[in-house]
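Trainee: I would like a close look at a single part of this model. Please start from one residue and work outward.

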Amino acid sequence: MDDVDRPGFDTAGRGTYSPEDGPPIDRIESVFAVYEVRREDGQVVYYGDPLAHPERVMQELWPAFRERGYDATLERRHGEYALVAEPTTLGVDGIPWTNIVLLLLTVCSTLFAGSFWYQLDPVADPTVIWQAWPFTAAILGVLGIHEMGHYVMSRYHQVDASLPYFIPVPTLIGTMGAVITLKGRMPDRKALFDIGVAGPLAGLIATVVVTVIGLHLPPVTVPEAVVQDPNAIRIELGYPPLLELLAAGFDQPLYRNDPATGVNPVVIGAWVGMFVTFLNLIPVGQLDGGHILRAMAGEFQETIAALVPGVLFALAAYLFYVDGYSVNTVFVWILWGLLTAFLASKGPATPVQDERLGRGRFVLGTVTFGLGLLCFMPVPVMIIG
């Protein structure tokens with residue numbers, strides 16, 4: 001351990017201290033008796049003894065450190081209690097090259113995937129992928145606005161967050177979504193709720209706009225040779241209630257009698273936004289739904305989260321054994337059953353100040369989960385052939 005800053009001690013046993021490093025020492029020693037302060041790898045580390053339960057210590061001191069621009073945690077280092085204060089910064093530090101490169105790669109992967117939805121052949125002629133730009137715009141729009149909802153609300157509550165990282169993957173839509181990373185602890189339930197709910201609501205607004213646009217664009221025509229080919233692979237999407245309601249409200253057909261025509265791929269982008277919204281609102285762990293429910297229900301959220309994997313496994317079993325769907329069709333719920341079991345075991349984010357939410361946020365959370373249910377479809381994708 002590098003001994004870079006060791007305070008002296010006066011006759012009363014108190015260490016001399018520079019207030020520029022953090023909260024005044026007497027503020028800290030109200031709940032944590034400090035006997036040594038060191039600088040280690042850019043952190044200010046206070047060694048001492050807690051005068052209350054560690055959770056109470058953090059509830060008392062974390063706001064004081066936050067006011068001075070530090071994120072504080074209470075740890076055990078070398079067998080001693082250590083109050084670790086690390087400087088925090090908000091916003092982007094320099095050019096976010098990783099975010100930019102991933103975005104560009106995701107643009108390419110979604111253009112490639114989207115060209116197939118437009119019945120184009122990017123393998124034979126790679127230049128045709130640019131014709132799929134509306135699909136790419138729809139996908140990146142709904143995903144990006146979802147994540148920027150989290151980012152903007154994180155900045156509002158002074159919680160350090162990264163810009164969105166898009167994930168390019170050669171799937172049916174060319175991506176596995178986008179994420180942001182949150183650093184440090186959540187100050188209170190209000191911040192946890194606002195950051196969690198902002199993404200789904202912002203993403204849903206974007207999704208509704210994309211849906212309306214896509215429904216008014218011309219359908220895609222499947223070549224007759226493909227329709228007549230018995231060996232051709234056909235992909236059918238399940239439509240969530242929200243998409244069906246919007247189609248009915250604008251008197252635009254989703255289902256067509258002619259197998260040679262299908263919805264415009266922009267509608268597929270809206271479908272992605274709805275499916276992502278539902279998945280993110282599953283109330284477990286660090287998912288948006290886990291954040292929202294933890295803010296609404298407190299520690300009872302963990303009890304609900306423990307039931308979620310069983311529900312998803314039961315859904316997969318019902319679709320397979322009762323409705324007769326193939327393993328490939330129900331695998332999505334098996335996968336998410338395993339994923340939610342892992343996320344539930346890790347637990348939700350725990351705010352420092354754990355006071356109850358007000359009625360307004362509780363109502364908004366309930367409405368948000370209701371909107372999430374409108375985005376649910378028991379059979380999202382079915383591959384035939």
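In which helix is valine 322 found? And what surrounds that residue on the surface?

Mentor: Keep in mind that this is a predicted model. Valine 322 is found in helix α10. Its relative accessible area is 54%. The cut-off for exposed is over 50%, so valine 322 counts as exposed.

Now the surroundings. Val322 helps to make a nonpolar surface patch of about 740 Å². Its partners there are Tyr318, Phe320, Tyr321, Val327, Phe331 and Leu335. Two elements each give two or more residues to this patch: α10, spanning 300-322, and α11, spanning 327-346. Helix α10 provides the largest share, four residues. Val322 sits at the end of the α10 range, 300-322. Val327 carries the number at which the α11 range, 327-346, begins.

Next, the whole chain. The protein chain has twelve helices and ten strands. Its C-alpha atoms fill a box of roughly 95 × 45 × 35 Å along the principal axes. The accessible surface comes to about 19400 Å². Carbon and sulfur atoms account for 62% of that surface. Of the 385 residues, 45% count as buried; valine 322 is exposed.

Two further values complete the picture. Take contacts between residues at least 6 apart in sequence: 68% of them join residues at least 24 apart. As for charge, the chain has 22 positive and 38 negative side chains. The centres of these two sets lie 7 Å apart.

Notes. Residues are numbered from 1 along each chain as its sequence is written. This is a predicted model: local features need pLDDT of at least 70, side-chain atom pairs count only at pLDDT 80 or more; totals for chains, interfaces and linings use all residues. Side-chain values use heavy atoms; hydrogens and water are left out. Buried means under 20% relative accessible area, exposed over 50%, partly exposed in between (1.4 Å probe, protein chains only). Contact means heavy atoms within 4.5 Å. Accessible areas come from the Shrake-Rupley method with a 1.4 Å probe; for residues, only the protein chains shown count as cover. Lys and Arg count as positive and Asp and Glu as negative; His and the chain ends are not counted. The place of a charge is taken as NZ of Lys, CZ of Arg, CG of Asp or CD of Glu. Patches are made of residues with over 30% relative accessible area and no salt bridge: like charges are joined within 9 Å, nonpolar side chains (Val, Leu, Ile, Met, Phe, Trp, Tyr) within 5 Å. A salt bridge is a side-chain nitrogen of Lys or Arg within 4 Å of a carboxyl oxygen of Asp or Glu.
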